[in-house]
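Colleague: I would love a close look at a single helix in this model, with a little of its surroundings for comparison. Could you walk me through it in plain terms?

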Amino acid sequence: MKFDSRSESTGRNDDSTTLIRTDAGKSAPAGDDETPSDRMAVHLVWEIGLLLLAGGVVFALTQSGGGPFADGSWTGFFAALAPVTMLATAMAVSLRVGAVNLAAGPIALIAAWMFVDASGSGSAMALGVGLGVAAFIGIVLATLTAWLRVPGWAASGAVGGAIGLWAGSAGDPAAFMLAELPQTGVLAALGAAVGVSLFLGLVGAFGGVRARLAPIRETPAGERHGRGGLVFFGVLLSSTLAGAAGVVSAWTAVPEGGAAVLPDPILLTVVALGAALVGGTSLMGRRGGVCGTVFASALLLGLMWLAEGRGWSFDPSWIALGAIVAGFLVTRLVEVMNTADEAEAASTRRAGSIEDLREDDPPAARERTDAFDQYDEDFAGLGSGGDQWTNTGGIRTTGGIPKQSATADPFGASGVFDDLRDAPRDGFGSPRHGR
């Protein structure tokens, strides 16, 4: 274990965080603001369960004789899964940075509207217009949340409401002039959505990234946390992904008549939030898994299609709303399993402190008894060099050490041998009497 010494050239007492270098060669801050690492095993176990559930639901969906899967087969399922995955990833990113983007559905709606309206100018122009509008709205939303420090739910609610009011008065877009996205394009869109989700999940799994997100999570709403740039980037990325989801949704849902089908913004927001929460992203921010968002998107979409195909007696949209409630329980599970014990947290905060080199508790005081007081006084006198021998029987002392003089009686100190001094001996140790 190696402790980094304080700099002596500054001539001041630097109380900055001490670094402790472990055997693995990693450096970690060891001050009181040390953030305990999250337990990724919780997300791993949960994502394995999500994979099994999603696989079972998709298998049951393939056995269904009716519903959307029977009409579009795997291509239709992939075409619907791509925008759902993008929206769920957009929602998960905003949750990670502590600014939930409830305007994900409305942003997807306006991006789809602009994409369809500009389709007469070519696919490149249509894509640029659709994604550009989404990015512009993302900049506005990021400015509100990052620098004005408006809570994410309030800022995104206001932006989403403004988009809804605009959509109600804008009317229908122009006729869609592009061909329906082919199967290879659908697979490419799905691959891009899954790849972006997995990449962002892996980035969020690094301890350094989570440590930078910790101040956002721990700072009350409206106060400065020093991570405004990170929040700005996260909200902008979330809005851009939502716009891309709207574009893909409009491009893959073109009926034969050529009139584009615009997505439902409220339903998209509910589905995205439910998939992100069920996937393991915490409502409190920062924490989340790697593959959970993709698996939860497939699970949620499969359940909604299965309910429609089996003719269940309720609206499949209730499944998306139920996913949000289930996500509350998942968030609680993630938070509880990531809560460190008090002893572990205290040990983490004190790691590398100079106080660890000292005794935690003072040594217990030894009980004194009066039986040894006399010896204590004798030893104290002996050490001080004084004449503490009060009954030496004629023995001369120098300093604290007694010395025998030429005329001193060595037995006179105690007098116990006075009766034996002149008594004759019989050879067996007994005195002979009667001489």
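Modeller: Happy to! Helix H3 is mostly covered, with twelve of its 14 residues buried. Keep in mind that this is a predicted model. H3 runs through residues 104–117, and from its first C-alpha to its last it reaches 20 Å, close to the 20 Å expected at 1.5 Å a residue. Which residues of H3 are buried? Start at the beginning of the helix and you meet Ala 104, Gly 105, Pro 106, Ile 107, Ala 108, Leu 109, Ile 110, Ala 111, Ala 112 and Trp 113, and then come Phe 115 and Val 116. To set this against the whole protein chain, 37% of the 435 residues there count as buried.

Now let us put helix H11 beside it. H11 covers residues 317–337, 21 residues in total. Its reach from first C-alpha to last is 31 Å, close to the 30 Å expected at 1.5 Å a residue. The buried residues in H11 are Ile 319, Ala 320, Ala 323, Ile 324, Gly 327, Val 330, Thr 331, Val 334 and Glu 335. These residues lie on the same side of H11 because they cover an arc of only 150 degrees around the axis. Turn to the face pointing away from that buried side, and you find the exposed residues Trp 318, Leu 329 and Arg 332.

Next, some empty space. The second largest pocket holds about 670 Å³. Helices H2 (68–96), H8 (228–252), H9 (265–278) and H10 (292–309) are the elements that each give two or more residues to its lining. H2 gives the most, with eight residues. In total 23 residues line this pocket, and Ala 80, Ser 249, Leu 268, Leu 301 and Trp 305 lie nearest its centre. Sorted by class, the lining has 17 nonpolar, four polar and two charged residues.

A loop deserves a glance too. Arg 149 sits between helix H4 (123–146) and helix H5 (152–170). Its phi is near 55 degrees, a positive value in a residue other than glycine. Is Arg 149 buried, partly exposed or exposed? Arg 149 counts as partly exposed because its relative accessibility is 34%, between the cut-offs of 20% and 50%.

Finally, step back to the whole chain. Its secondary structure comes to 13 helices and five strands. Take the contacts between residues at least 6 apart in sequence: 70% of them join residues at least 24 apart.

How values were computed. Residues are numbered from 1 along each chain as its sequence is written. This is a predicted model: local features need pLDDT of at least 70, side-chain atom pairs count only at pLDDT 80 or more; totals for chains, interfaces and linings use all residues. Side-chain values use heavy atoms; hydrogens and water are left out. On a 1 Å grid over the protein atoms alone, a cavity is a set of points where a 1.4 Å probe fits but cannot get out, and a pocket is an open set with protein on both sides within 12 Å along at least five of seven lines; lining residues have an atom within 4 Å of a point. Grid points are joined across faces, edges and corners, and a volume is the space filled by probe spheres set on the points. Helices (H or I, at least four residues) and strands (E, at least two) are DSSP runs, numbered from the N terminus. Ala, Val, Leu, Ile, Met, Phe, Trp, Tyr, Cys and Pro count as nonpolar, Asp, Glu, Lys and Arg as charged, and the others, Gly among them, as polar. The expected span of a helix is 1.5 Å times one less than its number of residues. Buried means under 20% relative accessible area, exposed over 50%, partly exposed in between (1.4 Å probe, protein chains only). The arc is that of the directions from the helix axis to the C-beta atoms. Contact means heavy atoms within 4.5 Å.
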